[in-house]
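New to this one? Have a look at the model first, and then we'll walk through a few spots together.

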Amino acid sequence: MNRTSVPGIHLAGVEKAFATPDGPLLALQRTDLQVRPGEFLALVGPSGCGKTTLLRMIGGLTEPTAGRVLIAERSLWAAGRRDSEAIRELAVVFQDANLFPWFSVEDNIALPLRLRGVPKPERLQKSRSLCELVGIGGFERLWPRQLSGGMRQRAAIARALSYDPHILLMDEPFGALDAITRDQLNLELQRIWLAQGCTIVFVTHSIAEAVFLGDRVLLLSPRPGKIDTEVEVPFPRPRKTSIQAFPEFQQLVQRLRDRLEAIT
Ligand SMILES: Nc1ncnc2c1ncn2[C@@H]1O[C@H](COP(=O)(O)OP(=O)(O)O)[C@@H](O)[C@H]1O
Ligand SMILES: [Mg+2]
């Protein structure tokens, strides 16, 4: 996979209103957005502003009430149905690893391949090399409950990467982890992304995490969400944790914090 050959994402006038007993609830206002091929895009915003809704619409898990989501210029939804070609490009990682407790770590990681009919020796080989890639080499035969929270998230990332998706969607994947583990996983994710060359949309409520990871950061306004601010993050890769002490880093984070405060 190569950074320029993976698909980008195009949102054209995408909106979501949920039907509720009190009438429609507008979660996301009409949004236009281009995610460049191979880009690492970070989305931040206050709780309830529609980040998950936006990500789920890109992932084909929630249907927009208006507008179009295009993956590699293919429309994700047509007449209430998802386009299976477009879906094949995508993988999603949530805050909870959602591993199956009755499968070993390697079987969990290989599950998407099993569902795709990949023969056992091949999928176990892939699973093992992914364990190495995400830093849980040697733990393949364990049960999920024997892993720490950080290791379970690593396994969830490995499972998402198992079928070589071109687009990785991540919804606060490190939100439940302690600060040290989170720093470590941010570095690891950057390394994996640099190695894999996929397009990533990463949702977080941490502005510092968004600026550390993103090529670009989008700040969403409170509900009904819309893109309020967009910043390009200029720091070269690979970024080290120490950049967080740089004045340029801190100024960028502060600028976004001030803006968030002003709109909430
Ligand atoms: N299935 C649903 N039905 C009704 N309202 C929903 C549903 N999912 C989300 N919402 C509402 O939409 C808004 C945006 O939610 P969400 O996308 O989860 O925000 P975030 O991820 O930014 O915290 C919230 O007000 C939430 O309560
Ligand atoms: Mg959310």
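Here is a quick tour of a helix pair, the cysteines, a glutamine and some backbone details.

Keep in mind that this is a predicted model. A good place to start is where helix α3 (residues 105-115) meets helix α4 (residues 120-134). From there we move on to cysteines that form no disulfides, and then to the cis peptide bond between Arg223 and Pro224 and the one between Arg237 and Pro238.

**Where two helices cross**
- The axes of α3 and α4 come within 9 Å and cross at roughly 125°, so the two helices count as oblique to each other.
- If you care about handedness, the crossing of α3 and α4 is right-handed.
- On the α3 side, the contact is made by Val105, Glu106, Asp107, Ile109, Ala110, Leu113 and Arg114.
- Facing them from α4 are Arg123, Leu124, Lys126, Ser127, Arg128, Leu130 and Cys131.
- Sort the residues of this contact by character and you get seven nonpolar, six charged and one polar.

**Cysteines**
- You'll find zero disulfides in the structure.
- Cys131, which we just met in the helix contact, has as its nearest cysteine sulfur that of Cys198, 17 Å away. A disulfide would need the sulfur atoms within 2.5 Å.
- Cys131 is buried, with a relative accessible area of 0%.
- Cys198 is in no disulfide either, and at 2% relative accessibility it counts as buried too.

**A buried glutamine and its neighbours**
- Gln190 sits in helix α6 (residues 179-196) and, at 3% relative accessibility, counts as buried.
- Leaving aside residues up to four places away in sequence, Gln190 touches Arg237, Pro238 and Arg239.
- One of those neighbours, Pro238, is joined to Arg237 by a cis peptide bond, with omega about -10°. Pro238 lies in the loop between β12 and α8 (247-263).

**Other backbone details**
- Most peptide bonds are trans, and most residues other than glycine have a negative phi.
- The bond from Arg223 to Pro224 is cis, with omega near -5°, and Pro224 is in the loop between β11 (216-220) and β12 (227-232).
- Asn98 isn't a glycine, yet its phi is positive, at about 55°. Look for Asn98 in the loop between β8 (90-93) and α3.
- Asp164 also has a positive phi, near 50°, and belongs to the loop between α5 (149-161) and β9 (167-171).
- Is Asp164 buried, partly exposed or exposed? With 38% relative accessibility, Asp164 counts as partly exposed.

Key
Residues numbered from 1 in each chain as written. Chains lettered and ligands numbered in written order. Predicted model: local features only at pLDDT ≥ 70, side-chain atom pairs only at ≥ 80, totals over all residues. Heavy atoms only, no water. Axes fitted to C-alpha atoms, helices over the stretch in contact; angles between N-to-C directions. Helix = DSSP H or I, 4+ residues; strand = E, 2+ residues; numbered from the N terminus. Parallel < 35°, antiparallel > 145°, perpendicular 65-115°, else oblique. Left-handed = near helix turned anticlockwise from the far one by under 90°. Contact = heavy atoms within 4.5 Å. Nonpolar A, V, L, I, M, F, W, Y, C, P; charged D, E, K, R; others polar. Buried < 20%, exposed > 50% of the residue type's maximum accessible area, 1.4 Å probe, protein only.
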